[in-house]
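Please walk me through the model shown below, taking backbone details, helices and the pocket in turn, and explain how these parts fit together.

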Amino acid sequence: MQEGFQFLDRLVTEWISGVNRFDKPGEGLFQARVRQTIVGIGGINNNPYSESGKVGRVRHVYIHPDFRRRGGGRRMITHIIAVFRDEYDRFSLRTDTDAAGLFYESVGFRRLKDSAVSTHFYPLG
């Protein structure tokens, strides 16, 4: 949150209130650990903006600055895609930083230019 990522506060608030526990079919929340220390987090929900119900929305991916550029974010995204690829036709996400956009593009996401709710998508099949 010190880096200005309000989505982490939203993640905690929604978890505590029960609004989003990533516990519905096709959803999950994962953590990255180094030994016993949590150094990253990331999840997926069924995209509420999709009419088909076949779009997974990657959410709240964060790796602690001391552990970035070591492959943890790539492993997190690769894991989410592997676990949920049979649930969805594609994945989407929204990011508001250029650095995050470049990261997602490096793992296969494509930039969307005309969406008000997503900045990137990852097609399956």
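In this predicted model, F22 sits in the loop that runs between α1 and β1. Its backbone takes a positive phi of about 55 degrees even though F22 is not a glycine. The relative accessible area of F22 is 5%, and because residues under 20% count as buried, F22 belongs to that class. A second residue that is not a glycine, R69, has a positive phi of about 65 degrees, and R69 is placed in the loop between β3 and α2. With a relative accessibility of 86%, R69 is over the 50% limit and therefore counts as exposed. Positive phi values are also found at two glycines that follow helices: G18, just after α1, is at about 90 degrees, and G108, just after α3, is at about 110 degrees.

The helix that comes before the loop of F22 is α1, which covers residues 6-17. At 1.5 Å a residue, the 12 residues of α1 should span 16 Å, and the distance of 17 Å between its end C-alpha atoms agrees with this. F7, L8, L11 and E14 are the buried residues of α1. These buried residues take up an arc of only 135 degrees around the axis, which means that they lie on the same side of α1. An α-helix has 3.6 residues a turn, so residues three or four places apart point the same way. On the other side of α1, Q6 and I16 are exposed. The partners against which the buried residues of α1 pack are the strands β1 (28-34), β2 (37-46) and β3.

Strand β3 can be followed further through one of its residues, I63. Its relative accessibility is 11%, so I63 counts as buried. When neighbours within four places in sequence are left aside, I63 is in contact with V39, G40, R68, G72 and G73. Of these contacts, G72 and G73 are also among the buried residues of α2. The C-alpha atoms of I63 and Q31 are separated by 9.4 Å, although the two residues are 32 places apart along the chain.

Helix α2, at residues 72-84, has 13 residues, and the distance from its first C-alpha to its last is 18 Å, close to the 18 Å expected at 1.5 Å a residue. Its buried residues are G72, G73, M76, I77, I80, I81 and F84, and they pack against β1, β2, β3, β4 (90-93), α3 and β6 (120-123). R75, which is also placed in helix α2, has a relative accessible area of 54% and is therefore exposed. Between R75 and D114 there are 39 places in sequence, and their C-alpha atoms are 28 Å apart in space.

In α3, which covers residues 98-106, the buried residues are A100, G101 and Y104. They cover an arc of only 100 degrees around the axis, which places them on the same side of α3, whereas D98, A99 and L102 are exposed on the other side. What covers the buried residues of α3 includes β3, α2, β4, β5 (110-111) and β6.

With the helices described, one can turn to the empty space that the model leaves open, and ask which residues are closest to the centre of the largest pocket. This pocket holds about 1100 Å³ of space. Of the 33 residues that line the largest pocket, F7, V61, T95, A100 and Y104 are the closest to its centre. Among them, F7 is one of the buried residues of α1, while A100 and Y104 are among the buried residues of α3. The elements α1, β3 (55-63), α2 and α3 each supply at least two residues of the lining, and β3 gives the most to it, with seven residues. By class, the lining of the largest pocket is made up of 15 nonpolar, nine polar and nine charged residues.

Key
Residues numbered from 1 in each chain as written. Predicted model: local features only at pLDDT ≥ 70, side-chain atom pairs only at ≥ 80, totals over all residues. Heavy atoms only, no water. 1 Å grid on protein atoms, 1.4 Å probe; cavity = no way out; pocket = protein on both sides within 12 Å on 5 of 7 lines; lining within 4 Å. Points joined across faces, edges and corners; volume = space filled by probe spheres on them. Helix = DSSP H or I, 4+ residues; strand = E, 2+ residues; numbered from the N terminus. Nonpolar A, V, L, I, M, F, W, Y, C, P; charged D, E, K, R; others polar. Expected span 1.5 Å × (residues − 1). Buried < 20%, exposed > 50% of the residue type's maximum accessible area, 1.4 Å probe, protein only. Arc of directions from axis to C-beta. Contact = heavy atoms within 4.5 Å.
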